[in-house]
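I set out to record what I looked up in this structure, entry by entry. My interest was in charged contacts, cysteines, aromatic rings and enclosed space.

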Amino acid sequence: MRTAAVPIALLALAVGAFSIGTTEFVAMGILPNVADAFGVSIPTAGYVISCYALGVVVGAPLLAPLSARVDRKHLLIGLAAMFTLGNLASALAPSFGVLLAARVATALPHGTFFGVGAVLSAALVPFNKRSQAVALMIAGLTVANIVGVPLGTMAAQQFGWRAAFALVAGVGVLTVVAIAVLVPNQRPAPGASMRSEFGALARGQVWLALAVGALGFGGMFASYSYISPMMTEVAGLPLGAVPYVLALYGVGMTCGTLAGGRAADRALMPTMYLAMGAMTLALLLLHLLAASPVGAVAMVFLLGFTSSALVPSLQTRLMDKAQDAPSLAAALNHSALNFANASGAWLGGLVIAAGHGFAAPSLLGAGLGVVGLALVTASGLGDRRAARPAVLTRPLPRGTAGARAKRAETRANQGRWPPRRHGKDAPKAALARSRAGAGRLCSTPRPRRANTPPDGWGAGVAEGGAAPAGTRGVRCGLSRRPGPGAR
């Protein structure tokens with residue numbers, strides 16, 4: 001494939017990520033419209049969001065293994081078509097129950113699209129650019145928070161809530177065409193199968209990375225889910241300023257995704273340490289500065305930047321540790337993130353219901369961030385242990401042949417430089433001669449060599465006089481007459 005075609009192919013995948021991000025987040029802005037249309041309460045209308053998250057969690061482990069032997073380009077086209085039909089069904093839903101079912105169907109290809117798209121994106125570029133390629137695709141999802149969600153909300157306000165899903169379905173059609181025209185074919189790896197994909201789940205490092213997403217990002221979602229009441233009730237901003245705060249958060253997400261991809265290509269694990277630590281610090285500062293309008297808004301941007309900077313490195317880490325079965329692991333990353341979304345919002349709601357205020361979820365999020373940082377550290381330590389060469393930690397049993405040979409070798413080398421080594425099968429006569437010659441000096445002196453032992457080692461003179469200056473005697477080992485150091 002031509003090098004010039006690589007960015008265009010990645011942009012086609014980014015369009016798909018944009019449409020997925022828009023349909024995921026636009027539901028939050030049109031809940032009042034949905035509630036009025038079907039005559040339900042706003043909390044009940046919130047099931048539209050919960051059902052989508054449920055579909056993502058279930059869809060990744062369901063679809064990714066089944067697609068192990070399918071050409072990745074054709075698979076992405078099928079997933080985008082499935083997603084488009086789900087949005088169209090949502091726009092035409094005659095009842096609230098049908099809408100919920102359509103939302104689940106729309107969410108099923110979410111995780112697999114991002115997982116397979118990440119693997120394909122990494123394959124389109126040199127190895128040292130793979131995280132940047134993944135980041136460029138994921139950036140489409142972050143741009144959806146800046147452009148797609150406001151446009152969908154405006155369409156819902158002007159033409160009804162169905163217009164929002166119809167708009168996303170139109171972007172889905174554009175995604176299918178873009179992938180079909182711009183993305184090259186990519187066959188699955190030889191030997192890929194459903195069994196090999198599930199085999200990746202037997203690796204502990206894969207589960208550690210998934211836990212980082214499920215728990216570490218749970219802290220971010222615990223805070224972000226209640227960002228609107230925090231800005232109005234605690235920071236004192238007017239309600240009309242909330243959309244601009246959310247847009248600023250989206251800008252931080254986009255910048256963080258692109259910066260995180262570049263940093264991950266330079267140093268993957270240090271990027272994960274830094275991004276997780278910085279996200280934890282941003283959550284803590286957001287809690288402390290929540291009463292300051294300027295400080296709170298600045299921390300919202302920083303939270304978006306740091307949390308998104310972690311995503312490309314986490315995605316690349318999963319693909320690396322899954323080895324020959326990266327699709328399922330990369331898809332499960334988005335299941336973990338949606339689990340973090342649901343659990344973080346639930347835990348944050350419990351804290352608020354306990355009477356701790358709208359700023360308290362950020363402190364809870366900082367605590368979950370510490371847990372995520374501990375998991376990243378454990379993963380890095382696991383890499384170091386795996387790279388450490390194996391060493392013998394216990395001595396050989398005293399009665400083994402190896403131990404007997406080692407003791408014989410030690411006795412044979414007493415008083416000898418350089419030491420002579422004897423295998424366990426060396427003749428007993430050779431060992432006896434070595435013992436008899438220990439401590440005996442040859443009468444013929446030889447010049448000092450570079451590998452001689454330190455001065456004073458085995459000092460002595462030969463029979464009949466001293467050795468000439470500048471020389472050192474060499475032990476013979478063949479004389480049967482005991483020398484000064486013999487036993």
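The entries below follow the order in which I consulted the structure.

**Entry 1. Status of the model**

I note at the outset that this is a predicted model. I therefore treat each value as computed from that model, with local features requiring pLDDT of at least 70.

**Entry 2. Salt bridges**

I asked how many salt bridges there are. The count comes to three.

I took the pair of aspartate 320 and arginine 130 to begin with; their closest N and O atoms are 2.7 Å apart. Aspartate 320 belongs to helix α14 (residues 293–322) and arginine 130 to helix α7 (residues 130–159), so this salt bridge ties together parts that are 190 residues apart in sequence. I then asked whether each partner is buried or exposed. Aspartate 320 is partly exposed, at a relative accessible area of 30%. Arginine 130 counts as buried, because its relative accessibility is 13% and the cut-off for buried is under 20%.

I turned next to arginine 317, which forms a salt bridge with aspartate 383; here the closest N and O atoms are 2.7 Å apart. This pair links distant parts of the chain, with arginine 317 in helix α14 and aspartate 383 in helix α16 (residues 360–387), 66 residues apart. Arginine 317 is buried, with a relative accessible area of 4%. Aspartate 383 counts as partly exposed at 23%.

I also found lysine 321 in a salt bridge with aspartate 383, at 3.0 Å from N to O. Lysine 321 lies in helix α14 and aspartate 383 in helix α16, so the contact ties together parts 62 residues apart in sequence. Lysine 321 is partly exposed, with a relative accessible area of 23%. I record that Arg317, Lys321 and Asp383 are linked in a network of salt bridges.

**Entry 3. A charge over a ring**

I returned to arginine 130 and looked for a ring beneath its charged end. That end sits over the ring of phenylalanine 127, 3.9 Å from the ring centre. Arginine 130 thus appears twice in my notes: in the salt bridge with aspartate 320 and over the ring of phenylalanine 127.

**Entry 4. Cysteines**

I asked how many disulfides the structure holds. The number is zero. I looked up the exposure of two cysteines. Cysteine 51 is buried, with a relative accessible area of 17%, whereas cysteine 255 counts as partly exposed at 37% relative accessibility.

**Entry 5. Aromatic pairs**

I counted five aromatic pairs. For tyrosine 224 and tyrosine 249, the ring centres are 4.3 Å apart and the planes stand at 20°, so I record the pair as stacked. The cut-off behind this reading is under 30 degrees between planes. Tyrosine 224 is in helix α10 (residues 204–224) and tyrosine 249 in helix α12 (residues 242–266); the two are 25 residues apart and link distant parts of the chain. Tyrosine 224 counts as buried at 15% relative accessibility, and tyrosine 249 counts as buried at 3%.

I noted elsewhere a cluster in which ring pairs link Phe38, Phe96, Trp161 and Phe165.

**Entry 6. Cavities**

I then searched for enclosed space. The structure holds three cavities of 30 Å³ or more. About 340 Å³ of space lies in the largest cavity. Which residues lie nearest its centre? Of the 21 residues that line the largest cavity, they are Phe25, Leu141, Phe221, Met253 and Leu337. The elements giving two or more residues to this lining are α1 (5–29), α7, α10, α12, α14 and α15 (326–353). Among them, helices α7 and α14 also hold arginine 130 and aspartate 320 of Entry 2, and helices α10 and α12 hold the tyrosines of Entry 5.

**Entry 7. Two further residues**

I looked up valine 15, which is found in helix α1. At 25% relative accessibility, valine 15 counts as partly exposed. Its C-alpha atom is separated by 9.2 Å from that of isoleucine 179, a residue 164 positions away along the chain.

My last query concerned leucine 368, which lies in helix α16. Leucine 368 is buried, with a relative accessible area of 17%. Leucine 368 and leucine 283 are 85 residues apart in sequence, and their C-alpha atoms are 9.9 Å apart in space.

Conventions: Residues are numbered from 1 along each chain as its sequence is written. This is a predicted model: local features need pLDDT of at least 70, side-chain atom pairs count only at pLDDT 80 or more; totals for chains, interfaces and linings use all residues. Side-chain values use heavy atoms; hydrogens and water are left out. A salt bridge is a side-chain nitrogen of Lys or Arg within 4 Å of a carboxyl oxygen of Asp or Glu. Helices (H or I, at least four residues) and strands (E, at least two) are DSSP runs, numbered from the N terminus. Buried means under 20% relative accessible area, exposed over 50%, partly exposed in between (1.4 Å probe, protein chains only). A disulfide is a pair of cysteine sulfur atoms within 2.5 Å. Rings of Phe, Tyr and Trp (its six-membered ring) pair if their centres lie within 6.5 Å; planes under 30 degrees apart count as stacked, over 60 as edge-to-face and the rest as tilted. A charge sits over a ring if NZ of Lys or CZ of Arg is within 6 Å of the ring centre and within 35 degrees of the ring normal. On a 1 Å grid over the protein atoms alone, a cavity is a set of points where a 1.4 Å probe fits but cannot get out, and a pocket is an open set with protein on both sides within 12 Å along at least five of seven lines; lining residues have an atom within 4 Å of a point. Grid points are joined across faces, edges and corners, and a volume is the space filled by probe spheres set on the points.
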